[in-house]
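Subject: Structure for you to look at

Hello,

Here is the structure I promised to pass on. Please open it first, then read the notes below.

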Amino acid sequence: MLGAELRLMLAGVRTMWIVVAIGLGAACAFAPPRRRARAARRRVDLAAPVLVGDGAREQRHGTTALLFSSPRPLGRQLPAAWLAGVALAVATGAGLGARLAVTGDVAGLFGWVVGALFIPALALASGVWTGSGKLFEVVYLLLWYGGPIERIPFLDFTGSTPGAREAHGPEAFLIATVALLVLAWLGRRRRLRS
């Protein structure tokens, strides 16, 4: 199921975006320490939304009835869609994740993991509730620009800005991830019942 979700997510993605994601990952892995690594960390998450799918694919392609008639769509398909998004987010930021692990930056690695969990949860919940990927695109862009780029600590879901760790930004976004997954489940359950 996870493999099928990954193939569906990558089906419409242009090769150029995959090359950009690989390039950003390599840049993060080999960037010089400190200042450039922080700059690379702030920019690596830009590639993830291009690859991460949303929870509205079945509505866009008219396969809602087919998907909802399958066995256990809440227990199988919804977690598989989120995990496929997590896998793609991890893949786009693997260079940075490896660098953080090798250098022993536990707090940075935690922020990186939270970002990889949060992005697909936001995409899934917004897609399930709105039937479109537009809400995710707008909210993610605002969070990405305000947090990692403009260094507003409470908006930084990656923990890459100095004040984000003191403001417990990654922890708050981990809680938000759980809340978004619950919202996605409730929204999908509501659609199944109607």
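From the N terminus on, the elements of the protein chain run α-α-α-α-α-α-α-α-α-α-α-α. That comes to twelve helices and zero strands. Please keep in mind that this is a predicted model.

Overall figures

Of the 194 residues in the protein chain, 43% are buried. The chain exposes about 10000 Å², and carbon and sulfur atoms supply 68% of that area. Taking contacts between residues at least 6 apart in sequence, 72% join residues that are at least 24 apart.

The core

The largest nonpolar core has 21 residues. Those that touch the most other members are Phe118, Leu122, Leu124, Tyr140 and Phe157. Two or more residues each are given to this core by helix 7 (73-92), helix 9, helix 10 (134-149) and helix 12. Helix 9 provides the largest share, with nine residues.

Aromatic pairs

There are two aromatic pairs in the structure. One of them is formed by phenylalanine 118 and phenylalanine 173, whose ring centres are 4.9 Å apart. Their planes stand at 75°, and over 60 degrees counts as edge-to-face, so this pair is edge-to-face. The pair links distant parts of the chain: phenylalanine 118 sits in helix 9 (residues 106-130) and phenylalanine 173 in helix 12 (residues 169-193), 55 residues apart.

Are these two side chains buried or exposed? The cut-off for buried is under 20% relative accessible area. Phenylalanine 118 has 3%, so it is buried. Phenylalanine 173 has 9% relative accessibility and therefore counts as buried too. Phenylalanine 118 is thus listed twice here, as a partner in this pair and among the core residues that touch the most other members.

The surface

On the outside there is a nonpolar surface patch of about 530 Å². Trp129, Val178, Val182, Leu183, Trp185 and Leu186 make up this patch. Its largest share, five residues, comes from helix 12. Helix 12 also gives two or more residues to the core described above, and it holds phenylalanine 173 of the aromatic pair.

One of the patch residues is Val182, which is found in helix 12. Its relative accessible area is 44%. Partly exposed covers the range between the 20% limit for buried and the 50% limit for exposed, so valine 182 is partly exposed.

If you want one place to begin, go to phenylalanine 118 and phenylalanine 173, then follow helix 12 to the patch.

Regards

Definitions and conventions
Residues numbered from 1 in each chain as written. Predicted model: local features only at pLDDT ≥ 70, side-chain atom pairs only at ≥ 80, totals over all residues. Heavy atoms only, no water. Phe/Tyr/Trp six-rings, centres within 6.5 Å; stacked < 30°, edge-to-face > 60°. Helix = DSSP H or I, 4+ residues; strand = E, 2+ residues; numbered from the N terminus. Buried < 20%, exposed > 50% of the residue type's maximum accessible area, 1.4 Å probe, protein only. Contact = heavy atoms within 4.5 Å. Areas by Shrake-Rupley, 256 points an atom, 1.4 Å probe, with all protein chains shown as cover. Patch = residues over 30% accessible without salt bridge, like charges linked within 9 Å, V, L, I, M, F, W, Y side chains within 5 Å. Salt bridge = Lys/Arg side-chain N within 4 Å of Asp/Glu carboxyl O. Core = buried A, V, L, I, M, F, W, Y, C linked by side-chain atoms within 4.5 Å.
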